[in-house]
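Here is a short briefing to read alongside the model. Please keep the viewer open as you go through the topics.

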Amino acid sequence: MITTSHSIHPIIRQDLTFYRVQAFEAYPGLTHAIFTRHGGVSHPPFASLNFGASVGDDPLAVSQNFDRACRALGLTPAETVTCYLKHSADVITVTRQNRQPVMGWADGLVAAEPGIFLTMRFGDCTPLLFFDPVRRAVGLAHAGWRGTMKQAAAATVRAMVQTLHCRPADIIAVIGPSIGPCCYEVGPDVMEAAQTSLDSTDGLFIRRNGRHDRAYFDMWEANRRQLIAAGVKTIIQSGLCTACRTDLFFSHRAEKGRTGRFGVIIGLRGEAE
Ligand SMILES: [Zn+2]
């Protein structure tokens, strides 16, 4: 079991700052980035690389931001695929045949063909990136507390296994920047959902303020346990809390809902590309 901390690192390219996963660097053709909020054209409170089109930002700015992010990775927006997010555990397998710029409503996308670059938007919810170097398959999932309770992480692994013939033990999973146990204070709704949805809640809720009805939720650990239970052996924790690091990322919680969304992109280039 390799569970590493701080194994993503920032780079700057074409004025954009984005994070890359150390463990992904060894694989030619694997293209990925966890973008920060820096390098875009949006004005406050969306400054500046906002990917979110439904947060009140100027749609033209969002589209320019997306163009910039794609360009930094040597992609065009037409090569990307996304979905509308709904806090579910629904996962769509994207192929050359069924691909659409927006695949509909889901919280997980997986693909095993080159030229399909998956992208989603985040602002406290957990980005989960997946790569299977044996089957050459990628996945991307969005898990806030609701998605975590619905086991979106496990559902994405299952989709890679069932539709793309991956073995869980070959998959490298990354738990990306999201609100951490330092900042994610939750109430009875989240604690009660965890009791019924998760195998165990031991250690997932940290009481720090003496109140019985409030606790800090360790969403990173909840997702890590799900990935382990799903058979994933290599799990990389970014260890970056979006609410602590609003200098780097957008945080819905820390910025009281008036903020943007940062983007994640992952996909594979073809042999000839
Ligand atoms: Zn924090």
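A salt bridge here is a side-chain nitrogen of Lys or Arg within 4 Å of a carboxyl oxygen of Asp or Glu. This is a predicted model, in which local features need pLDDT of at least 70 and side-chain atom pairs count only at pLDDT 80 or more, while totals for chains, interfaces and linings use all residues. Residues are numbered from 1 along each chain as its sequence is written, and side-chain values use heavy atoms, with hydrogens and water left out.

**Salt bridges**

- Across the whole structure, a search finds 10 salt bridges.
- One of them joins R20 to E25, whose closest N and O atoms are 3.0 Å apart.
- R20 counts as buried because its relative accessibility is 12%, with buried meaning under 20% relative accessible area, exposed over 50% and partly exposed in between (1.4 Å probe, protein chains only).
- E25, at 36% relative accessibility, is partly exposed.
- E255 and R37 also meet through their side chains in a salt bridge, at 3.0 Å from N to O.
- That pair links distant parts of the chain, 218 residues apart: E255 lies in the loop between strand 16 and strand 17, and R37 in the loop between strand 4 (30–35) and helix 1 (59–72). Helices (H or I, at least four residues) and strands (E, at least two) are DSSP runs, numbered from the N terminus.
- Both E255 and R37 are buried.
- In the salt bridge between D170 and R167, the N to O distance is 2.9 Å.
- D170 counts as buried at 17% relative accessibility, whereas R167 counts as exposed at 54%.
- E221, R224 and R225 are joined into one network by salt bridges that share partners.

**Zinc site**

- Four sulfur atoms coordinate the zinc ion at 2.2 to 2.3 Å: SG of C182, C183, C241 and C244. Donors are N, O and S atoms within 2.8 Å of the metal (3.2 Å for Na, K and Ca); water is not among the atoms, so sites may look incomplete.
- The site of the zinc ion is tetrahedral, with angles of 103 to 118° among its 4 donor atoms; for four donors, that term requires all angles to lie between 85 and 135 degrees.
- The donor residues follow the spacing C-C-x57-C-x2-C in sequence.
- C182 and C241 link distant parts of the chain, 59 residues apart, with C182 in the loop between strand 12 (172–175) and strand 13 (185–186) and C241 in the loop between strand 16 and strand 17.
- C182 is partly exposed at 36% relative accessibility, while C241 is buried with a relative accessible area of 5%.

**Around S251**

- S251 sits in the loop between strand 16 (234–237) and strand 17 (262–268).
- With a relative accessible area of 0%, S251 is buried.
- Leaving aside neighbours within four places in sequence, S251 is in contact (heavy atoms within 4.5 Å) with G123, D124, T242, A243, T246 and T259.

**Helix 4**

- V190, M191, A193 and A194 are buried in helix 4 (residues 188–197).
- These residues lie on the same side of helix 4 because they cover an arc of only 160° around the axis, taken from the directions from the helix axis to the C-beta atoms.
- E192, Q195 and T196 are exposed on the other side of helix 4.
- The buried residues of helix 4 pack against helix 2 (145–149), strand 13, strand 14 (205–206) and strand 15 (215–217).

Key:
Tetrahedral: all angles 85-135°; square planar, octahedral: opposite > 155°, others 65-115°.
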